Amino acid sequence: MTDSSFNAEKFNPNRHALPPVSLTDKFEADDVVIGAVGSKPQLIGLPESVDGIKAEVIADFFAKQGISSGVGKITSLTLHNLRLLAIGLGDDVDVSPEQLRRAAGSAVRAIGSASYANPRKVAISLDAVSPEQIQAVVEGALLAANKFAKISGEPVKQQIGEILVVTAKTDANNEAIERAEKTSSAVCVARDWTNLPPNLMGPPEFASQVSGYMKDVKVDVEILDEKALAKQGFGGILAVGGGSDRPPRLVRASYNPRGAKKHLVLIGKGITFDSGGYNLKPAGSMITMKNDMSGAADVMAAIHAIAELGLNVQVTAYGAMAESLVSGRAYRPSDVMTMHDGTTVENGNSDAEGRIVLADAISRANQDKPDLIIDVATLTGACVSALGDRVSGLFASSDEVADQVLDAAEISGEQFWQLPITDHLRAEIKKSEVADLLSSGSRIGGLIYSAAFLEHFVADGGNWAHMDVAGPAWSDSAYSYIPKESTGTSVRTLIAVAQQMAN
């Protein structure tokens with residue numbers, strides 16, 4: 001049953017508002033975050049004096065406590081009404097933007113985990129001087145400050161009231177803050193959508209959410225319901241969503257700024273709940289399956305941020321949305337589906353549903369004649385087994401495309417690892433006895449098989465990348481700027497790719 005009080009059109013996906021951020025040259029705050037770096041820890045960002053106490057005296061106090069430069073380690077010191085927190089940045093004195101992002105996140109998470117009578121004003125002084133460094137600090141702080149607001153009658157208590165970044169006040173630095181705020185907001189929206197319980201977030205509700213979210217930016221939204229999907233031949237999406245009382249949707253969001261010379265297409269898997277269908281998942285695996293829509297949440301949040309930032313690149317985002325359940329209408333193993341491009345596919349496993357909905361969306365995206373297609377999906381458990389829960393898998397149509405995505409990922413601080421698609425497994429997907437393709441084969445090489453299947457639907461000569469984010473999209477515990485449950489991974493990389501193409 002759905003909650004009749006839930007209104008998807010009016011629901012604010014980012015209910016936990018992010019604290020305001022500004023630049024400062026002062027240390028007027030409740031908490032001041034400084035850094036500790038080097039094998040013989042040195043303090044960075046320390047003010048010349050605090051309440052009349054000189055920096056060298058403060059450094060001596062920290063040294064006596066056994067200050068640590070271990071990544072994320074915090075040493076604190078209270079002076080009158082001000083608390084100084086020295087956050088470890090590691091032994092290497094050449095600190096990267098991602099180290100700053102993680103340090104700011106760890107410090108803000110530590111501050112926000114306590115209970116206060118009033119929200120805290122936090123000043124971050126980590127010697128961030130370039131716009132890239134400042135953007136990283138702000139992103140880490142905001143992403144750590146964000147928490148999913150429980151579905152409850154209890155009001156949300158804000159623990160972090162304001163964030164100050166101690167650095168020079170310049171136009172370039174203010175623009176870095178703006179980029180960080182819009183990027184972080186998009187990540188948090190993707191998290192919130194995915195964290196909503198599946199009884200409140202089926203495909204129709206998700207589509208309605210996207211439509212409402214795009215009203216404040218120049219993004220046009222088209223929603224194909226089950227009738228339109230049937231008329232236009234989206235046999236894969238209809239098959240996967242056929243077992244649910246809440247029918248599937250394909251959402252197409254378009255951002256087309258004047259003068260744009262490049263066209264980027266983003267495609268996200270939007271399975272609002274994945275039971276595994278007739279290849280039913282075990283109970284322990286099913287509890288997190290509201291997260292199976294995170295790819296679609298990521299691409300829709302990303303296009304919103306791209307439009308907000310005014311990037312001069314055409315972007316089209318597709319959300320392939322369905323709920324995979326068991327009923328008399330659900331598709332079965334060995335069923336044959338006719339996909340959007342006319343390809344027939346034998347269903348090898350109803351729990352390999354993600355590639356089915358993505359294939360239909362890729363086929364439709366080919367008609368847009370984009371310069372690059374990127375699909376994002378929590379696609380395979382095999383990717384988690386191969387790369388763990390903090391690194392995403394990346395497949396690409398060429399090394400040049402892979403390098404483009406990997407460069408964007410490095411800028412954003414997200415981790416991807418390129419994997420191959422082999423000719424052997426390209427041949428394996430064609431071994432159905434009754435259809436053109438078989439959707440899944442043996443467990444051996446299953447990760448590559450899934451990518452080979454998707455690759456088949458990309459137009460000849462098309463540039464394409466597939467992100468399998470099954471591991472990093474969900475976290476069982478909070479750390480640095482990563483929360484427990486949905487993480488919003490890939491949003492920052494997608495925005496960075498768009499920025500590359502705009503330039």
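A polar contact, as I'll use the term today, is a pair of N or O atoms within 3.5 Å; within protein, one must be able to donate a hydrogen and the other to accept it, and residues adjacent in sequence count only if both atoms are side-chain atoms. Hello everyone, and let's put that to use.

Just so you know, this model is predicted, so local features need pLDDT of at least 70 and side-chain atom pairs count only at pLDDT 80 or more, while totals for chains, interfaces and linings use all residues. Residues are numbered from 1 along each chain as its sequence is written, and side-chain values use heavy atoms, with hydrogens and water left out.

Let's start with Lys 281. Together with Arg 355, Lys 281 carries the "active site" annotation in an unreviewed UniProt entry; positions follow the numbering used here, feature names are shortened, and such annotations may be inferred rather than shown by experiment. You'll find Lys 281 in the loop between strand 12 (263–274) and helix 8 (283–286). Helices (H or I, at least four residues) and strands (E, at least two) are DSSP runs, numbered from the N terminus.

Is Lys 281 buried or exposed? Buried, because its relative accessible area is 15%, and buried means under 20%, exposed over 50%, partly exposed in between, with a 1.4 Å probe and protein chains only. Here comes our polar contact: the side chains of Lys 281 and Asp 274 are joined by one of 3.5 Å. Beyond four places in sequence, Lys 281 is also in contact (heavy atoms within 4.5 Å) with residues including Met 286, Met 289 and Asp 351.

Asp 274 leads us on to Asp 292, since Asp 274 is among the residues that Asp 292 touches, as are Lys 269 and Glu 353. Look for Asp 292 in the loop between helix 8 and helix 9 (294–309). Asp 292 is buried, at a relative accessible area of 5%, and its side chain makes a polar contact of 2.6 Å with that of Thr 378.

Now for the other annotated residue. Arg 355 sits in helix 10, residues 354–366, and is buried too, at 7% relative accessibility. Its contacts farther along the sequence include Leu 379, Thr 380, Tyr 449 and Phe 453.

What about helix 10 as a whole? That helix is mostly covered, with 13 of its 13 residues buried. From first C-alpha to last, helix 10 reaches 18 Å, close to the 18 Å expected at 1.5 Å a residue; the expected span is 1.5 Å times one less than the number of residues.

Thanks for listening!
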